Amino acid sequence: MTTKRDWHHQVEHERIPANEVHETNDGKTIRVEYREENGTIFKTTKTYRNQKLKVLPIVAERKKWKKFGNASNDAPGINTATTKVDDEITMQFISNKEDDKQDEEKLIKDAVSTLRKVQCRLCKGEHWTTKCPYKDNLQSFMEQPIDKPTEMIPATGNSSTPQGQNPSTGTPAEGTTGKWVSVSARRPGAGTAYPGDRGGSTRGSYVGRSNDMRKQDEATVRVTNLPEETQEQDLRDLFTPFGSVSRVFLAKDKTNNTSKGFAFITFNEKKDAQKAIECVSGFGYDHLILKVEWANKPQNQ
Amino acid sequence: MRPILLQAHERSLTKIRYNREGDLLFSSGKDKIPCVWYSINGERLGTYNGHNGTVWTIDVNWDTTAFVSASADSTVRVWDVQTGRERNSYTLEAPARCCAFSYDGNSILYTNDDVMGKSCEMYLTDIRMRPAEGPSVRINISQLGHRKVTSALWGTLDQFIITGHDNGELVQWDIKTQDDVRKEKPHTAQIMDLQTNRDLTFLISSSKDCTAKLFDVETLDHLKTYTTDRPVNSAAMSPIKDHVVLGGGQEAIEVTQTAATTGKFEARFFHLIFEEEFARVKGHFGPINTLAFHPDGKSYASGGEDGFVRIHHFDNDYLDYDF
């Protein structure tokens with residue numbers, strides 16, 4: 001074995017840059033290490049955060065202790081062979097909040113079901129008409145045409161409320177249960193009722209929402225595939241020909257304030273929105289083809 | 001949070017301990033070399049080389065000058081914390097199991113296993129005396145009708161000692177009379193670990209019978225029970241909150257037969273008073289053998305059967321958490 005290495009080894013060795021350590025202004029140390037494996041040079045950059053802590057004098061004293069035992073050859077600072085920082089993990093909280101939510105949902109469900117209680121057309125008992133014990137006795141009597149119209153109202157209202165069509169009158173119609181019905185539950189027909197409500201799943205937030213809010217949601221279209229340079233004014237110019245636009249929301253990147261490529265346009269009228277969808281969808285706008293669709297996919301259709 | 005992973009032990013961990021200020025973390029495993037680490041960044045300060053068998057238990061005295069370890073090589077050794085040099089070595093007739101420093105740091109207690117035809121005994125020694133002088137107190141536990149001691153610690157004001165046994169028994173010993181003054185059997189299986197809270201008023205025991213229980217240190221009154229679905233190997237109390245952390249998992253012998261996802265190796269956080277679990281921390285891929293809370297309550301460390309120690313510095317979501 002020669003102690004002096006061959007010249008080409010030296011050249012090879014010089015190809016690997018020396019490790020660098022430098023500190024940044026924001027209190028971080030950056031260590032750049034180079035190593036060679038199978039002819040390729042790997043560069044590793046490690047960033048350490050320097051922290052100054054106020055500790056007890058004895059703790060500060062212990063921090064200066066010399067390393068010993070198997071660690072005696074370790075350089076000051078962390079030895080990456082024994083200490084690593086693992087992947088981010090989160091503490092999983094097991095809270096009772098979900099239970100609370102479920103309880104709330106159950107309450108609403110119960111309330112809804114009491115509002116829509118099953119009512120027999122014949123005897124007004126709480127059972128289906130076909131299960132009525134007086135069916136045979138009363139049916140012939142009911143078939144007389146005089147009583148039919150008044151009795152049919154609650155029958156059709158089996159799934160919705162038995163209240164009349166005009167809530168402003170306030171007086172319950174003849175033949176209803178006479179129970180108080182909340183304003184939100186006095187919604188006239190199934191057309192405006194939210195699908196979630198009908199399905200029995202609780203969409204509690206909708207109950208409290210005002211009517212025009214819902215209307216606004218319905219008259220909103222989503223525009224996608226917008227070019228990056230788009231401004232809100234451009235969209236206004238593009239959509240006002242179809243009707244009055246009440247709101248334009250253009251999603252922008254927080255950092256460079258350019259468009260993210262989609263926007264929401266709210267019209268005052270649903271039919272204007274419909275018109276806009278028909279006309280602008282597929283429209284070539286600044287080298288891109290726009291896509292326009294309903295913001296909320298109509299679930300009841 | 002991003003845990004710091006300490007991987008110096010080649011085999012499973014047996015015990016981890018913080019010193020009084022919490023700046024140093026001591027760890028021991030079934031490999032023969034206990035280590036000491038800076039808890040703030042996980043930097044290894046040193047190792048205590050010399051044992052020739054599994055190190056079962058370690059302890060450090062109050063001013064972090066002396067460190068004691070009990071090993072299966074039938075020795076109990078006292079080390080100088082700063083240099084890693086061995087100060088004293090006490091040789092027993094059977095593998096040593098437990099060791100603990102008294103509050104004043106002058107005395108140690110240690111026990112041996114009841115194997116090789118020997119009986120389980122407990123010894124008390126003043127570390128200022130020469131080992132050749134022999135222990136100042138020697139209690140034959142097997143003769144008094146108790147099973148093997150698996151965990152032991154000093155009680156309030158160093159007046160008594162509490163031992164946990166491998167049949168789930170908990171015994172309080174009076175040091176002066178060398179007598180078992182209180183005997184309880186709260187667990188149905190082996191007690192794996194005993195820990196106290198910071199002011200030595202509560203004691204928490206962890207057992208293979210899947211529960212951890214809280215006791216009054218002086219009266220051994222049973223106060224609370226924390227029930228899990230797996231053997232509990234270690235439980236620690238938070239010094240700043242009414243929280244308890246439990247670590248466990250199925251027994252080491254069954255680990256290879258189950259997937260890590262079903263192994264239930266998480267650390268589980270319980271409320272001290274309501275006995276209700278509120279959070280879990282995953283990470284180890286083997287059962288957690290030992291747990292310790294940092295004395296400031298803002299981090300905790302766990303050592304597992306997988307040979308890793310993980311130091312977890314809590315995020316604000318835990319520190320702000322109100323039960």
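Two strands pair if DSSP finds at least two bridges between them. Keep that rule in mind during this tour of a predicted model, because it decides what counts as strand pairing at the stops below.

**Stop 1: where the chains meet**

Begin by selecting β4(A) together with strand β1 (residues 4–6) of chain B, which pair in the antiparallel sense over three bridges. If you then highlight T83(A), you will find that it stands opposite L6(B) in β1(B).

Now widen the selection to the whole contact, which takes 27 residues from chain A and 35 residues from chain B. On the side of chain A that touches chain B, the elements giving two or more residues are α2 (57–63), β4 (83–85) and β5 (92–93) of chain A. Colouring this side of chain A by class should show 13 nonpolar, eight polar and six charged residues.

**Stop 2: a sheet in chain B**

Move next to chain B and select β2, β3, β4 and β5, four strands that form an open sheet in the order β2-β3-β4-β5, with antiparallel pairing. Which strands lie at the edges of this sheet? They are β2 (13–18) and β5 (44–47) of chain B, each of which pairs on one side only. Neighbouring strands of the sheet are turned by 20° against each other on average, direction ignored.

For a closer view, keep β2(B) and strand β3 (residues 24–29) of chain B, which run antiparallel and are joined by five bridges. Here I16(B) stands opposite S27(B) in β3(B).

**Stop 3: an annotated stretch**

For "repeat: WD", an unreviewed UniProt entry lists residues 6–47, 48–89, 184–225 and 281–311 of chain B. Select residues 281–311 of chain B, where the chain is 0% helix and 52% strand, and where the end C-alpha atoms are 12 Å apart.

**Stop 4: the nonpolar cores**

In soluble globular proteins, nonpolar side chains tend to be buried together. In this model the largest nonpolar core has 85 residues, of which C99(B), L109(B) and Y110(B) touch the most other members. The largest share of this core, five residues, comes from strand β10 (residues 96–101) of chain B.

Which residues does L109(B) contact, once its neighbours within four places in sequence are left aside? Select C99(B), A100(B), M122(B), Y123(B), L124(B), A152(B), W154(B) and I161(B), and you will have the residues in contact with L109(B) beyond those neighbours.

Finish in chain A with A219(A), V221(A), L238(A) and V292(A), which are among the members of a second, separate core of 15 residues.

Note on methods:
Residues are numbered from 1 along each chain as its sequence is written. Chains are lettered from A and ligands numbered from 1 in the order in which they are written. This is a predicted model: local features need pLDDT of at least 70, side-chain atom pairs count only at pLDDT 80 or more; totals for chains, interfaces and linings use all residues. A nonpolar core is a set of buried Ala, Val, Leu, Ile, Met, Phe, Trp, Tyr and Cys residues joined through C-beta atoms within 7 Å. A residue is buried if 20 or more other C-beta atoms lie within 10 Å of its own, exposed if 12 or fewer, and partly exposed in between; C-beta atoms are placed from the backbone. Two residues are in contact if their C-beta atoms, placed from the backbone, lie within 7 Å. UniProt positions are given in the numbering used here, feature names are shortened, and annotations may be inferred rather than shown by experiment. Ala, Val, Leu, Ile, Met, Phe, Trp, Tyr, Cys and Pro count as nonpolar, Asp, Glu, Lys and Arg as charged, and the others, Gly among them, as polar. Axes are lines fitted to C-alpha atoms, for helices over the stretch in contact, and angles run from 0 to 180 degrees between N-to-C directions.
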